[in-house]
Amino acid sequence: MPLHQQVEAVIFASEDAATISTIRQVTGADLTAGQLESIVTELNTGYAAAGLTFRIHRIAAGYRFLTESRFAGILKRLLTPKIRRKLSQSVLEVLSVIAYRQPVTKGEIQQLRGTSPDYAVDRLLERGFITVSGRADSPGRPLQYGTTKDFLDLFGLHSLRDLPRLREIREILQEKEASEYLAGKGDAGHS
């Protein structure tokens with residue numbers, strides 16, 4: 001069985017992002033990071049040539065199949081209700097504070113949000129999206145929290161450097177507000 005097919009099968013079947021060590025272990029091949037990257041590039045070239053809607057991407061500490069970004073609009077309609085059920089608005093807010101300010105304590109989160117983050121922190125720890133990353137050098141030495149590989153995987157990020165900048169978030173929100181306003185105007189005109 002060709003090695004590129006074995007790699008493809010492992011990445012496809014893996015529940016989490018398939019790491020190089022997992023791929024080595026399952027295939028029995030002694031791949032270097034460069035060799036694996038070459039195989040992934042070759043597979044992606046074939047997917048593109050065939051007009052397929054997915055590619056293999058490096059996510060967190062491994063590789064995963066993801067749909068091409070041009071299909072984001074249609075897939076957002078499919079996935080948005082599921083993600084909302086998974087993470088409430090308050091939990092998402094706490095997660096964003098942790099992602100952008102890590103390492104951060106519950107007290108610092110509460111100071112920023114104005115409400116206790118206890119429930120949200122417990123849910124995020126339970127789901128594996130955050131972890132205890134140490135203790136603060138302040139009175140009482142409170143626990144500090146940071147994001148995990150599962151957080152990166154959930155949002156399709158390779159590293160924290162891929163988080164959108166505040167300016168980008170503002171622009172996205174302004175575009176969303178404008179499109180919602182225009183959609184509302186269009187609905188009002190047809191009443």
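Let's start with a helix: the buried residues of α1 pack against two helices, α2 (20-27) and α3 (33-49), and two strands, β1 (54-59) and β2 (62-67). Keep in mind that this is a predicted model.

Which residues of α1 (residues 3-13) are buried? They are V7, V10 and I11. Looking down the axis of α1, you'd find its buried residues within an arc of 95°, so they line one face of the helix. Turn to the face pointing away from that buried side, and you meet the exposed residues F12 and A13.

Now for a sheet. Three strands form an open sheet in the order β3-β5-β4, and the pairing is antiparallel. Since β3 and β4 sit at the edges with a single partner strand each, one side of each has no neighbour in the sheet. Helix α5 (residues 89-101) packs on this sheet and touches β3, β4 and β5, with its direction at about 90° to that of β5. Helix α7 (residues 118-127) packs on the sheet too, touching β4 and β5, and its direction makes about 110° with that of β4.

What about β5 (residues 143-147)? Four of its five residues are buried, so the strand is largely enclosed by the rest of the structure. Here is how β5 pairs up with its partners:

| Strand | Bridges to β5 | A residue and its partner in β5 |
|---|---|---|
| β3 (residues 104-105) | two bridges | V104 and Y145 |
| β4 (residues 130-135) | five bridges | V132 and Y145 |

So Y145 turns up as the bridge partner of V104 and of V132. Along β4 and β5, R135 also stands opposite L143.

Notes
Residues are numbered from 1 along each chain as its sequence is written. This is a predicted model: local features need pLDDT of at least 70, side-chain atom pairs count only at pLDDT 80 or more; totals for chains, interfaces and linings use all residues. Side-chain values use heavy atoms; hydrogens and water are left out. Buried means under 20% relative accessible area, exposed over 50%, partly exposed in between (1.4 Å probe, protein chains only). The arc is that of the directions from the helix axis to the C-beta atoms. Contact means heavy atoms within 4.5 Å. Two strands pair if DSSP finds at least two bridges between them. Axes are lines fitted to C-alpha atoms, for helices over the stretch in contact, and angles run from 0 to 180 degrees between N-to-C directions.
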